[in-house]
Amino acid sequence: MELRLQKLIAGTGLASRRKAEMLISAGRVSVNGKVVTELGTKVDPARDHVKVDGKHLTAAQPFVYLLLNKPKHVMSTLDDPGGRPTVKDFLRGVSVRVFPVGRLDFDSEGLMLLTNNGELAQALLHPRYHVPKTYLIKVKGVLTDEEIRELERGVKLEDGMTGPAQVKKISKAQANSWLEITIREGRKHQVKRMLESVGHPVIRLTRVKMGPLSLGRLGSGEFRFLTDREANALRELVEERVEMVERGEQPSSRPKRPVRREGWARPKKAKVA
Ligand code: URA
């Protein structure tokens, strides 16, 4: 089956589609021994010999990306010396060895990315690249606008000030409220400690987004493979941030758009019961 050259290169996990196009335009890709710079060139992976920087493309490792909805009371590691359930127990039928990208607390739930692409995992976790992560949280009590502003500016924790956060009100009842908080760091128990510092302990925490990935309707304990589009978006995000750092620019730790603070909705509108 014939494919566009850039799609074939991106499909191996070597680069995003954008980067694959750059490699082709820069004359770093050859097909059957001839340098190809035309972007739409069609190739048949079963018949054509494609090389990038002189290396056979088939030598590239096929990367696998999974998104798991980690249930509560499951370790986000692959093993637990204490014998507690781990994310590995939920990956039945996955024969490739994949590793979790980052952690969620034992009692936290939601989006976990697992992959065998170590370089991408490291870049996603590196605090320097400020990859946003969004959590839906249920907290004790109802935050005032001033407490929300404090979280947005950054709060003082024992390991230093937190960066700016984005906070969205979801719903409130008398005793508890639901919020969505987006942070660009990944310190241990960070969201819980931030909310504790403004006097509203977290009762429930679900990660719903990480960079371009969303948990969507994936059931608790279920996993799925990322779509081509999602894997490509992840690679692009990482490449963009690595390139920025290489140019000496700092990827922003601030939300892109100004935060719009909306009112509280009624409790029944919370997305997670
Ligand atoms: N912040 C926390 O406090 N816990 C998590 O599991 C993730 C983010």
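I take a residue to be near the ligand if one of its heavy atoms lies within 4 Å of it, and I note at the outset that the model I am reading is predicted.

**Entry 1, the ligand shell.** With that cut-off I listed the residues around the ligand and found Leu 104, Asp 105, Ser 108, Tyr 135, His 189, Gln 190, Val 191, Lys 192 and Leu 205. Sorting this shell by residue class, I obtained 4 nonpolar, 3 polar and 2 charged residues. I then asked which helix gives the most to the shell; helix α5, which spans residues 190-197, does so with 3 residues.

**Entry 2, polar contacts to the ligand.** I went on to the backbone atoms that face the ligand's N and O atoms, taking three residues in sequence order. For Gln 190, a backbone N or O atom lies 3.4 Å from an oxygen atom of the ligand. For Val 191, a polar backbone atom is 3.2 Å from a nitrogen atom of the ligand, and for Lys 192 a polar backbone atom is 3.0 Å from a ligand oxygen atom. I also looked up how far the protein covers the ligand: taken alone the ligand exposes 240 Å², and the protein buries 95% of that.

**Entry 3, Glu 185.** Next I turned to Glu 185, which I located in the loop between β14 (176-183) and α5. Is Glu 185 buried or exposed? I enter Glu 185 as buried because its relative accessibility is 17%, and the cut-off for buried is under 20%. Its side chain reaches the backbone nitrogen of Gly 163 at 2.9 Å, and a polar contact of 3.1 Å joins the side chain of Glu 185 to that of Arg 187. Leaving aside residues up to four places away in sequence, I found that Glu 185 touches Lys 133, Met 161, Thr 162, Gly 163 and Gln 190. Gln 190 therefore appears twice in my notes, as a contact of Glu 185 and as one of the residues around the ligand by the 4 Å cut-off.

**Entry 4, an open sheet.** Last, I traced a sheet of 4 strands, which is open, has the order β3-β2-β5-β6 and is paired in antiparallel fashion. Its edge strands are β3 (34-35) and β6 (55-56), each of which pairs on one side only. Looking at how β3 is held in the sheet, I found 2 bridges that join it to strand β2 (residues 29-31), the two running antiparallel. I also looked up the bridge partner of Ser 30 in β3, and recorded Val 35.

Technical notes. Residues numbered from 1 in each chain as written. Predicted model: local features only at pLDDT ≥ 70, side-chain atom pairs only at ≥ 80, totals over all residues. Heavy atoms only, no water. Polar contact = N/O pair within 3.5 Å; in protein donor to acceptor, adjacent residues only side chain to side chain. Areas by Shrake-Rupley, 256 points an atom, 1.4 Å probe, with all protein chains shown as cover. Nonpolar A, V, L, I, M, F, W, Y, C, P; charged D, E, K, R; others polar. Pairing = 2+ DSSP bridges. Buried < 20%, exposed > 50% of the residue type's maximum accessible area, 1.4 Å probe, protein only. Contact = heavy atoms within 4.5 Å.
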